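Colleague: I would like a close look at one part of this model, the aromatic rings packed inside it. Please set the scene before going in.

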Amino acid sequence: MRFPSLWRISACAALLGLGQNGLLVALPVLVERFGLPLSQWAGLILLGSMLFLVGSPFWGRVADRYGPRLVVIQALSGYLASFTLIGIALWAEARGSLAEGWLLPLLVIARVLYGLTVSGMVPACQQWSLALHGGEERLRALAAVSAGLSAGRLLGPLLAAASLSLSAYAPFGVMLGGGLLALGLVVGVARPRASAPGQRPAPPAQPLLERLPCLAMALLLAMSVSLMQLGLPDALQARLEIEATRAGHLMGVLLSLGALGALAIQLGVTRHQRLGGYVLLFLGALCLVAGYALLVQADGMPGFAAGVLVASIGTAMAVPGYTDAATRGGAPGASAGMLAMSHTLGYGAATLAVSLVAPSRLLLLTLVAALLLLLLVPAARTHFARPVTAPSTPPSND
């Protein structure tokens, strides 16, 4: 039996989480082996991420005009090229084959290539899945892409940590292998029919003012998730009275628990369309508030575990909910690209907050962001009443 088309597309989305989290896990070894300080590696990672602000809306519009298949393939190609360049540059530096001062410029080029190409991955995957499974199956399609992202974030650290025992270059081999596998998987996915020149153009995207509630919710959700991750280590050390190394280990356990909870909800609830889009969004926002409230009050490991788990479940429900709302009644690629841009802005806002707010206040700020998101949910209710465009091509591979 052939691998279902929806899960082939979600495997491409998984690469984003695999690459991001896998690179983070490899950072201590990269700093030790190749001479670049942690601040420069952090700047390189931030550079690639911030270019999503430019790339995501651009590739969303390209997907609306020329079809999502083209955008996914170029994103996979950029992903492979970027990590290949990083691996070659590090290998040449270790062998002494690279001229002095060239390592950092090559890594900058690789991260720019990553940001400008891979930024189209998720918007195009969302549009492609909606084209194959539109109408009543929209939430199932969006949940599959979200599940792919969660699986990548869960597997990325595990695979990178395991491969580091073999070689400092092994994580890049894992990422390249994943990219080649994803490229092979999408070959057999049905191609959505694009309008021929002179025929009916793609539907216009919703006006920006109408999309603002969904974009604001995306920003607040990304900001709250990032603030939670940044605030947890300090809270664990202070409340459990443990050292930084122990807090780091517990942090990994908590984030893995959260990823498993999110994946379970995406596969068991959202994918089977047990709840409507608005109900999903509302319950997701409530879970975010409840989870972060538990983290603010937690004074032991059970409280931290419950808070992260509930908040992760809320994220798993809220993201398909507001994505469904934002992509109705307009060009889905452009809307998905704007949501991805809002997520990036949310991560940037969280980073800025860290420099302005005491570490002990970060979890409280996370709760404030979730409360603001909950207050915005009613503003998106009218979006769910909009009609959706029928799928462009039948789901022939499922």
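Colleague: To begin, how many helices and how many strands does the chain have? Then take me to the aromatic cluster: which residues form it?

Modeller: A caution first: this is a predicted model. The chain has 14 helices and zero strands. Read along the sequence, the pattern is α-α-α-α-α-α-α-α-α-α-α-α-α-α. There are 398 residues, and 52% of them count as buried. Among contacts between residues at least 6 apart in sequence, 85% join residues at least 24 apart. The exposed surface comes to about 16,900 Å². Carbon and sulfur atoms supply 68% of that area.

Now the aromatic rings. The structure holds six aromatic pairs. One of them is Phe52 with Tyr114: the ring centres are 6.2 Å apart and the planes meet at 35°, so the pair counts as tilted. This pair links distant parts of the chain. Phe52 belongs to helix α3, and Tyr114 to helix α5, residues 103–118. In sequence they are 62 residues apart. Both Phe52 and Tyr114 are buried.

Phe83 and Phe172 make another tilted pair, with 6.3 Å from centre to centre and 45° between the planes. Phe83 sits in helix α4 and Phe172 in helix α8, residues 170–186, so this pair ties together parts that are 89 residues apart in sequence. How buried are these two? Phe83 has a relative accessible area of 1%, and Phe172 has 3%. The cut-off for buried is under 20%, so Phe83 at 1% is buried, and so is Phe172 at 3%.

These rings belong together. Phe52, Tyr79, Phe83, Tyr114 and Phe172 form one aromatic cluster. A charged side chain joins the picture at Tyr114. Arg111 lies over the face of that ring, at 4.5 Å from the ring centre.

Next, follow the helices that carry the cluster. Helix α3 spans residues 52–66, and helix α4 spans 68–95. Gly67 lies in the loop between them. Its relative accessibility is 14%, so Gly67 counts as buried. Gly67 also has a partner in space: Gln127 is 60 residues away in sequence, yet the two C-alpha atoms are 8.6 Å apart.

Further along helix α4 comes Ala89. With a relative accessible area of 2%, Ala89 is buried. Leaving out residues up to four places away in sequence, Ala89 touches Leu98, Leu103 and Leu106. Take Leu103: it is 14 residues from Ala89 along the chain, and their C-alpha atoms are separated by 6.2 Å.

Three points outside the cluster round off the tour. The first is helix α7, residues 138–164. Helix α7 has 27 residues and reaches 39 Å from its first C-alpha to its last, close to the 39 Å expected at 1.5 Å a residue. Even so, α7 has a kink of about 30° at Leu155, shortly before the proline Pro157.

The second is Glu241. Glu241 is placed in the loop between α9 (208–240) and α10 (244–270). Its phi is near 55°, a positive value in a residue other than glycine. Most residues other than glycine have a negative phi. Is Glu241 buried or exposed? With a relative accessible area of 72%, Glu241 is exposed.

The third is Ser312, in helix α12, residues 301–326. Ser312 is buried, at a relative accessible area of 13%. Setting aside neighbours within four places in sequence, Ser312 is in contact with Gly258 and Ala262.

Back to the part you asked about. Five residues, Phe52, Tyr79, Phe83, Tyr114 and Phe172, make up the cluster. The pair of Phe52 and Tyr114 links α3 with α5, and the pair of Phe83 and Phe172 links α4 with α8. Arg111 lies over the face of Tyr114.

Notes. Residues are numbered from 1 along each chain as its sequence is written. This is a predicted model: local features need pLDDT of at least 70, side-chain atom pairs count only at pLDDT 80 or more; totals for chains, interfaces and linings use all residues. Side-chain values use heavy atoms; hydrogens and water are left out. Helices (H or I, at least four residues) and strands (E, at least two) are DSSP runs, numbered from the N terminus. Buried means under 20% relative accessible area, exposed over 50%, partly exposed in between (1.4 Å probe, protein chains only). Rings of Phe, Tyr and Trp (its six-membered ring) pair if their centres lie within 6.5 Å; planes under 30 degrees apart count as stacked, over 60 as edge-to-face and the rest as tilted. A charge sits over a ring if NZ of Lys or CZ of Arg is within 6 Å of the ring centre and within 35 degrees of the ring normal. Contact means heavy atoms within 4.5 Å. The expected span of a helix is 1.5 Å times one less than its number of residues. The bend at a residue is the angle between axes fitted to the seven residues ending there and the seven starting there. Accessible areas come from the Shrake-Rupley method with a 1.4 Å probe; for residues, only the protein chains shown count as cover.
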